[in-house]
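Subject: Handover of a structure and findings

Dear colleague,

Please find below the structure that I am handing over to you. I should be grateful if you would read the notes beneath it with the coordinates open.

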Amino acid sequence: YLGIGFTSGVFSFNIYVKENGEQIYAGMVMSPYGEPAFAVKDGSLCLRFEVEGGVKDFTISLEEEGITLTGENGEQLPMSSIMYD
């Protein structure tokens with residue numbers, strides 16, 4: 001699920017991932033101001049980010065290091081994330 005970020009002065013939001021009711025990942029994303037939401041693209045869950053210039057979709061990858069958000073052109077949203085044991 002998505003949540004409000006911890007920062008002020010820059011736009012941020014949080015992504016939380018649960019499995020069987022247990023939180024397994026959490027991450028904070030810093031980005032230009034926009035409207036983040038989940039969407040389905042090509043049968044997979046993605047992060048859809050509506051910004052002033054249009055819409056960008058980011059694939060969501062869960063890895064040991066944390067969450068990675070990668071755009072269609074290889075762009076990655078800067079984020080810090082953790083994986084829970």
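The notes that follow describe a sheet, its turns, a surface patch and the salt bridges.

Please bear in mind that this is a predicted model.

**The sheet**

Four strands make up an open sheet, arranged in the order S4-S5-S6-S7 with antiparallel pairing. At the edges are strand S4, residues 35-41, and strand S7, residues 66-71, each of which pairs on one side only. From one strand to the next, the twist averages 35 degrees. In general terms, the strands of a sheet pair through backbone hydrogen bonds, in either a parallel or an antiparallel manner.

The pairings may be followed across the sheet in order. S4 and strand S5, which covers residues 44-51, are antiparallel and share seven bridges. Within this pairing, Lys 41 has Ser 44 of S5 as its bridge partner. S5 and S6 are likewise paired in the antiparallel sense, over six bridges; here Glu 50 has Val 55 of S6 as its bridge partner. Strand S6, residues 54-63, then pairs with S7 in the antiparallel sense, over six bridges. In that pairing, Ser 61 is matched with Thr 68 of S7.

Thr 68 merits a separate remark. This residue of strand S7 is buried, because its relative accessible area is 16% and buried means under 20%. Leaving aside residues up to four places away in sequence, Thr 68 touches Thr 59, Ile 60, Ser 61, Glu 63 and Gln 76. Ser 61 is thus both a contact of Thr 68 and its bridge partner.

**Turns and positive phi values**

S4 and S5 form a hairpin with two residues between them, and another hairpin joins S5 to S6, again through two residues. Asp 42 is located in the loop between S4 and S5. Although Asp 42 is not a glycine, its phi is positive, at about 55 degrees. Its relative accessibility is 75%, so Asp 42 counts as exposed.

Outside the four-stranded sheet described above, Asn 20 also has a positive phi, near 55 degrees, and is a residue other than glycine. Asn 20 sits in the loop between strand S2 (12-19) and strand S3 (22-30). With 77% relative accessibility, Asn 20 counts as exposed.

**A nonpolar surface patch**

Which residues form a nonpolar patch on the surface? They are Phe 38, Val 40 and Leu 45, which together present about 300 Å² of accessible area. Phe 38 belongs to strand S4 and counts as partly exposed, at 34% relative accessibility.

**Salt bridges**

How many salt bridges does a search of the whole structure find? The search finds four, and three pairs are described here.

Glu 72 and Lys 41 form a salt bridge in which the closest N and O atoms are 2.0 Å apart. Glu 72 lies in the loop between S7 and strand S8 (79-83), whereas Lys 41 lies in strand S4, so this pair ties together parts that are 31 residues apart in sequence. Glu 72 is exposed, with a relative accessible area of 63%, while Lys 41 counts as partly exposed at 29% relative accessibility.

Asp 57 and Arg 48 also meet through their side chains in a salt bridge, with an N to O distance of 2.6 Å. Asp 57 is buried, its relative accessible area being 12%, whereas Arg 48 counts as partly exposed at 28% relative accessibility.

In a further salt bridge, the side chains of Lys 56 and Glu 75 meet at 3.5 Å, N to O. This pair links distant parts of the chain, with Lys 56 in strand S6 and Glu 75 in the loop between S7 and S8, 19 residues apart. Both count as partly exposed: Lys 56 has a relative accessible area of 37%, and Glu 75 has a relative accessibility of 29%.

Finally, Lys 41, Arg 48, Asp 57 and Glu 72 are linked in a network of salt bridges. Lys 41 therefore appears in these notes both in this network and in the S4 and S5 pairing, through its bridge partner Ser 44.

Yours sincerely,

A colleague

Methods: Residues numbered from 1 in each chain as written. Predicted model: local features only at pLDDT ≥ 70, side-chain atom pairs only at ≥ 80, totals over all residues. Heavy atoms only, no water. Pairing = 2+ DSSP bridges. Axes fitted to C-alpha atoms, helices over the stretch in contact; angles between N-to-C directions. Patch = residues over 30% accessible without salt bridge, like charges linked within 9 Å, V, L, I, M, F, W, Y side chains within 5 Å. Areas by Shrake-Rupley, 256 points an atom, 1.4 Å probe, with all protein chains shown as cover. Buried < 20%, exposed > 50% of the residue type's maximum accessible area, 1.4 Å probe, protein only. Contact = heavy atoms within 4.5 Å.
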